[in-house]
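Colleague: Please take one part of this model and examine it closely, with attention to the charged side chains and their surroundings. I should like a single connected account.

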Amino acid sequence: MAGHSKWANIKHRKAAADAKKGKVFTRLIKEITVAAKMGGGDPNMNPRLRLAMDKGREANMAKDSVQNAIKRGTGQLEGVSYEEARYEGYGPGGAAVIVECLTDNRTRTVAEVRHAFTRNGGNLGSDGSVAFLFKHCGLFVFAPGASEERVMEAALEAGAEDVVANDDGSVEVLCAPPAFHAVKAALEKAGLKPELAEVTMKPLNDSALAGADAQRMRSLLDALEGLDDVQDVYTTAALEDA
């Protein structure tokens, strides 16, 4: 099954994340704290916490920082209380955007998010205005040249829903969020290392943007990702040329 070429967009996302390494720890600490607050401090019983801790290990976060974040979430240590906030809207060229935040001040956060949209040719919408254009799922992306057959065999046996071969040679694995860790473990056991592994909001259809629209959309995404309260940004935009 062939899909839209993803690899250039994946590489841009990774490059953008690498450029913001200074904010990675702050965002991970927030996520670990909220995950522990909502589901308890035991990662074996709390999939969201387990995923956040996995990301912390990948980022080489100190164990003490992880444990202190868990303790703040479970109330063993005092700390700032964060709440989740999601904002939805449209960017240049009509591409949909979802912005997920953890904040201690909703008024500040929504003002900053709205300003980023307005300044970069987008519009902030109402709750639910674009969420139906995305699927909440586990996603694994393998670089062009990966063996689709090997990936498919390991992933489907572990409970994956679909394996997609993209036009550029990259391979994607999709699964329900609760199956994420089982699929990840199966892929690792088979010696298959994805370039990207996350629970995400995957667009059901891509909005291909090129030229000025692509440049403005990239500026919008960079502005949103640069906000302190923003944890993740999802978009239907597939940026061809910027």
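Modeller: The account below begins with one helix and its partners, then turns to a helix pair and to further charged pairs.

This is a predicted model, in which local features need pLDDT of at least 70 and side-chain atom pairs count only at pLDDT 80 or more, whereas totals for chains, interfaces and linings use all residues. Residues are numbered from 1 along each chain as its sequence is written, and side-chain values use heavy atoms, with hydrogens and water left out.

Arg-27 lies in helix α2, residues 21–39 (helices are DSSP runs of H or I with at least four residues, strands are runs of E with at least two, and both are numbered from the N terminus). Arg-27 is buried yet has no salt bridge, and Asp-228, the nearest side chain of opposite charge, is 6.2 Å away. Here buried means under 20% relative accessible area, exposed over 50% and partly exposed in between, with a 1.4 Å probe and protein chains only. A salt bridge is a side-chain nitrogen of Lys or Arg within 4 Å of a carboxyl oxygen of Asp or Glu; for charge, Lys and Arg count as positive and Asp and Glu as negative, while His and the chain ends are not counted. Neighbours within four places in sequence aside, Arg-27 contacts Glu-225, Gly-226, Leu-227, Val-230 and Gln-231, contact meaning heavy atoms within 4.5 Å.

Lys-30 also belongs to helix α2 and counts as buried, at 6% relative accessibility. Unlike Arg-27, which has no salt bridge, Lys-30 is linked with Asp-104, Arg-108 and Asp-229 in a network of salt bridges. Beyond residues up to four places away in sequence, Lys-30 touches Tyr-82, Leu-102, Asp-228, Asp-229 and Gln-231.

Gln-231, in strand β10 (residues 230–235), is buried at 13% relative accessible area. Among the residues that Gln-231 touches are Arg-27, Lys-30, Glu-31, Glu-100, Cys-101 and Leu-102, again not counting residues up to four places away.

Elsewhere, helix α3 (residues 47–58) and helix α7 (residues 180–189) have axes that come within 11 Å and cross at roughly 40 degrees. That makes α3 oblique to α7, since angles under 35 degrees count as roughly parallel, over 145 as roughly antiparallel, 65 to 115 as roughly perpendicular and the rest as oblique. Axes are lines fitted to C-alpha atoms, for helices over the stretch in contact, and the angles run from 0 to 180 degrees between N-to-C directions. Pro-47, Arg-50, Leu-51, Asp-54 and Glu-58 of α3 meet Phe-180, His-181 and Lys-184 of α7.

Asp-54 also pairs with Arg-57 in a salt bridge of 2.4 Å, N to O. The two are three residues apart in helix α3, and therefore about one helical turn separates them. Asp-54 is buried at 13% relative accessible area, whereas Arg-57 is exposed at 53% relative accessibility.

The structure holds 13 salt bridges. In helix α8 (residues 211–225), Asp-213 and Arg-216 are likewise three residues and about one helical turn apart, and their closest N and O atoms are 3.2 Å apart in a salt bridge. Another salt bridge joins the side chains of Lys-135 and Glu-161 at 2.8 Å, N to O. Lys-135 is in strand β5 and Glu-161 in the loop between α6 and β6 (162–166), so this pair ties together parts 26 residues apart in sequence.
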